Amino acid sequence: MQTLKRYSERFWYMTPVSETDRPIIGAVVGDTHTLMIDAGNSEAHANLFLDALAERGISRPSLVALTHWHWDHIFGLSALPDTVSVASRATKARMERLMPYNWDDESLDERVESGIEIAFCAEAIRLEFGDTRSMQVVLPTVTFDDTLTLDLGGVHVLLKHVGGDHTADAVVAYIPEEKVLFLGDALYANLYAPSWRMTAGETLRLLSVLDTFEAGAYVWSHGQVATRAEYEKDRDTLRILAQISLDFPGNKELITAQYERLTGRLVDEEEQELITFFVNGSGGEA
């Protein structure tokens, strides 16, 4: 069951749902504006979030910021006709490419077969929308290139285009007064490649960019709101594996052995998956 949770006076978020690929939606509550972070994967998802805000007396969002172009973060935008939407210029360009698509079973199957769509996303769309798929791609109202700061009254949100393996248009949202960094999907693997993958160089670059934010909480869109200590543990694992992958590109056995030597223990299931991603990202055989 999805619930609206309060992290602080200024930041609220709704928990994700894995089965229908509903990511976390955030709300930054200012004195003059409320900003919604991501629009949800459907009108039903967006409306559930809006209703939950209203139940708690929180002003309806006048702004919504999109973290990237993937369907599960944008299909709720059609439920927000009176809300000014903000996205990077790169995100708008990718959304424009979705506009000619049909979303019936046959069209989804064809795109999965051709590698344009992901099988688990196609299934999640079926579960989220059922047989009636009237979704429409609504383009953002305002675009930016690198950074944009929004003054919501008593609290600010810095939107920064950071890119990454998951998608080149990825944007993070930083709330300096709350020390919250909304990561979106920026640090996840590239799921649209023939095999899910991460590249060592891009991972190291992105981690260095994220290190420039002084945050105490980190929001993983399909996970949780992590403490700084929890995030740093994940960050350090990624950084070590990426650095080892540069030394032994595409060699799963050597990457695993070197990581186990450095940590003094066997790799766990999550680390094995990350190693596979890095091997795939260097063209090796996992």
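Let me start with where helix H8 meets helix H9: on the H8 side the residues in contact are Lys252, Ile255, Thr256 and Tyr259, and on the H9 side they are Glu271, Ile275, Thr276 and Val279. Sorted by class, this contact of H8 with H9 has four nonpolar, two polar and two charged residues. Please keep in mind throughout that we are looking at a predicted model.

How should we describe two helices that pack together? In general, two packed helices are described by the angle between their axes and by the distance between those axes. For H8 and H9, the axes come within 10 Å and cross at roughly 135°, and that angle makes H8 oblique to H9, because angles over 145 degrees would be needed for roughly antiparallel. As for the hand of the crossing, H8 passes H9 in a right-handed way.

Now let me bring in helix H7, which covers residues 228-247, while H8 covers residues 252-263. The axes of H7 and H8 come within 10 Å and cross at roughly 130°, and H7 and H8 are therefore oblique to each other. The crossing of H7 and H8 is right-handed. Which residues make this contact? From H7 there are Thr237, Ile240, Leu241, Ile244 and Ser245, and they meet Ile255, Gln258, Tyr259 and Leu262 in H8. In terms of class, the residues of the contact of H7 with H8 comprise six nonpolar and three polar, with no charged residue among them.

That leaves the pair H7 and H9, whose axes come within 10 Å and cross at roughly 40°, which makes H7 oblique to H9. Here too the crossing is right-handed, with H7 passing H9. On the H7 side the contact is made by Asp234, Thr237, Leu238, Leu241, Ala242 and Ser245, and on the H9 side by Glu270, Glu271, Leu274, Ile275 and Phe278. The residues of the contact of H7 with H9 divide by class into six nonpolar, two polar and three charged.

If you compare the residue lists on the screen, you will find that Ile255 and Tyr259 of H8 appear in the contact with H7, and that Ile255 and Tyr259 also appear in the contact with H9.

Let me turn from the helices to the empty space. In general, rolling a probe the size of a water molecule over the atoms shows where empty space is left. The largest pocket has a volume of about 950 Å³, and of the 38 residues that line this pocket, the closest to its centre are Tyr188, Trp220, His222, Glu270 and Glu273. Which helix gives the most to this lining? It is H9, with five residues, and helix H2 (71-74), helix H5 (119-129), H7 and H9 (269-281) each supply at least two residues. By class, the lining of the largest pocket has 19 nonpolar, seven polar and twelve charged residues.

Finally, there is the enclosed space, and here the structure holds one cavity of 30 Å³ or more. About 30 Å³ of space lies in the largest cavity, and the residues that line this cavity are Asp165, Ala186, Leu187, Tyr188, Met198, Thr203 and Leu206. Its lining has five nonpolar residues, one polar residue and one charged residue. Tyr188 is worth finding on your screen, since Tyr188 lines the largest cavity and is also among the residues closest to the centre of the largest pocket.

Methods. Residues are numbered from 1 along each chain as its sequence is written. This is a predicted model: local features need pLDDT of at least 70, side-chain atom pairs count only at pLDDT 80 or more; totals for chains, interfaces and linings use all residues. Side-chain values use heavy atoms; hydrogens and water are left out. Axes are lines fitted to C-alpha atoms, for helices over the stretch in contact, and angles run from 0 to 180 degrees between N-to-C directions. Helices (H or I, at least four residues) and strands (E, at least two) are DSSP runs, numbered from the N terminus. Angles under 35 degrees count as roughly parallel, over 145 as roughly antiparallel, 65 to 115 as roughly perpendicular and the rest as oblique. A crossing is left-handed if the near helix is turned anticlockwise from the far one by less than a right angle, and right-handed if clockwise. Contact means heavy atoms within 4.5 Å. Ala, Val, Leu, Ile, Met, Phe, Trp, Tyr, Cys and Pro count as nonpolar, Asp, Glu, Lys and Arg as charged, and the others, Gly among them, as polar. On a 1 Å grid over the protein atoms alone, a cavity is a set of points where a 1.4 Å probe fits but cannot get out, and a pocket is an open set with protein on both sides within 12 Å along at least five of seven lines; lining residues have an atom within 4 Å of a point. Grid points are joined across faces, edges and corners, and a volume is the space filled by probe spheres set on the points.
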